[in-house]
Amino acid sequence: MKDLEFHVDLHGKTHIVKTFEKAVETAVIYSIGAGETVNVDVVAWSEAAARAFGGEDGVESYREDPDASVFRRFAVRGEDLGRIA
């Protein structure tokens with residue numbers, strides 16, 4: 001959907017990817033390698049985009065603050081716990 005973007009913050013640079021799944025995958029891989037939390041921002045530019053991501057609850061949330069720069073933010077932290085016996 002053209003009005004829905006997924007932004008992954010990698011060391012202060014924002015990478016825009018096409019799907020939520022790809023954004024989370026990118027964030028987990030980077031987080032494990034860098035040992036830090038990575039933000040994944042969902043940016044919805046319209047009610048239709050909010051609906052596509054969050055259903056009717058997403059539309060209600062969008063209507064509360066349609067000028068918000070980020071519709072939803074997820075903090076992703078991947079940790080290497082080593083070998084488990």
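Is Lys22 buried, exposed or partly exposed? At 39% relative accessibility, Lys22 counts as partly exposed, and I will come back to this residue once we have walked through the fold, bearing in mind throughout that what we have in front of us is a predicted model.

Let me begin with the overall layout. The protein chain contains two helices and four strands, and if we read from the N terminus, these elements follow one another as β-β-α-β-α-β. The C-alpha trace spans about 45 × 30 × 20 Å along its principal axes, and of the 85 residues in the chain, 28% are buried. If we consider the contacts with a separation of 6 or more, 58% of them are accounted for by residues 24 or more positions apart.

Now to the sheet. The four strands make an open sheet in the order 2-1-3-4, and the pairing is antiparallel. Strand 2, which covers 13–17, and strand 4, which covers 72–76, stand at the edges with a single partner strand each, so one side of each of them has no neighbour in the sheet. From one strand to the next, the twist averages 25°.

Looking at the individual pairings, strand 1, residues 4–10, runs antiparallel to strand 3, residues 38–44, and five bridges join the two; within strand 3, the residue that stands opposite Val8 is Val40. Strand 1 is also joined to strand 2 by five bridges, again in an antiparallel arrangement, and here Leu10 has Lys13 in strand 2 as its bridge partner. The hairpin formed by strand 1 and strand 2 has two residues between the strands, and in that hairpin His11 takes a positive phi near 55°.

Let me turn to helix 1, which comprises residues 20–34 and includes Ser31. How accessible is Ser31? Its relative accessible area is 0%, and Ser31 is therefore classed as buried, the cut-off being under 20%. If we set aside the neighbours within four places in sequence, the residues in contact with Ser31 are Glu36, Thr37, Val38, Val76, Arg77 and Gly78.

A serine in the other helix gives us a second case to look at. Ser61 has its place in helix 2, residues 47–64, and with a relative accessible area of 31% Ser61 is partly exposed. The C-alpha atom of Ser61 is separated by 26 Å from that of Thr26, although along the chain these two residues are 35 residues apart.

Helix 2 itself deserves a careful look. What distance separates the end C-alpha atoms of helix 2? They are only 11 Å apart although the helix has 18 residues, which falls short of the 26 Å that a straight helix would reach at 1.5 Å a residue. At Gly54, helix 2 bends by about 135°, and I would ask you to keep that bend in view when you look at the model. The buried residues in this helix are Ala49, Ala50, Gly58, Val59 and Tyr62, and the buried residues of helix 2 pack against strand 1 and strand 3.

That leaves the charged residues. Side chains of opposite charge can pair when their charged atoms come close. In this model the count comes to five salt bridges, and I will describe some of them.

Here we return to Lys22, whose side chain meets that of Glu25 in a salt bridge at 3.8 Å, N to O. Glu25 and Lys22 are three residues apart in helix 1, so they are separated by about one helical turn. Glu25, with a relative accessible area of 41%, is partly exposed, and Lys22, as we said at the start, is partly exposed too.

Another salt bridge is formed by Glu47 with Arg63, where the closest N and O atoms are 3.0 Å apart. In this pair, Glu47 counts as partly exposed at 30% relative accessibility, whereas Arg63, at 52%, counts as exposed.

The last pair I want to show is Glu79 and Arg77, which form a salt bridge with their closest N and O atoms 3.7 Å apart. Here Glu79 is exposed, with a relative accessible area of 53%, while Arg77 counts as partly exposed at 44% relative accessibility. Arg77 has already come up in this talk, since Arg77 is among the residues in contact with Ser31.

Note on methods. Residues are numbered from 1 along each chain as its sequence is written. This is a predicted model: local features need pLDDT of at least 70, side-chain atom pairs count only at pLDDT 80 or more; totals for chains, interfaces and linings use all residues. Side-chain values use heavy atoms; hydrogens and water are left out. Two strands pair if DSSP finds at least two bridges between them. Axes are lines fitted to C-alpha atoms, for helices over the stretch in contact, and angles run from 0 to 180 degrees between N-to-C directions. Buried means under 20% relative accessible area, exposed over 50%, partly exposed in between (1.4 Å probe, protein chains only). Contact means heavy atoms within 4.5 Å. A salt bridge is a side-chain nitrogen of Lys or Arg within 4 Å of a carboxyl oxygen of Asp or Glu. The expected span of a helix is 1.5 Å times one less than its number of residues. The bend at a residue is the angle between axes fitted to the seven residues ending there and the seven starting there.
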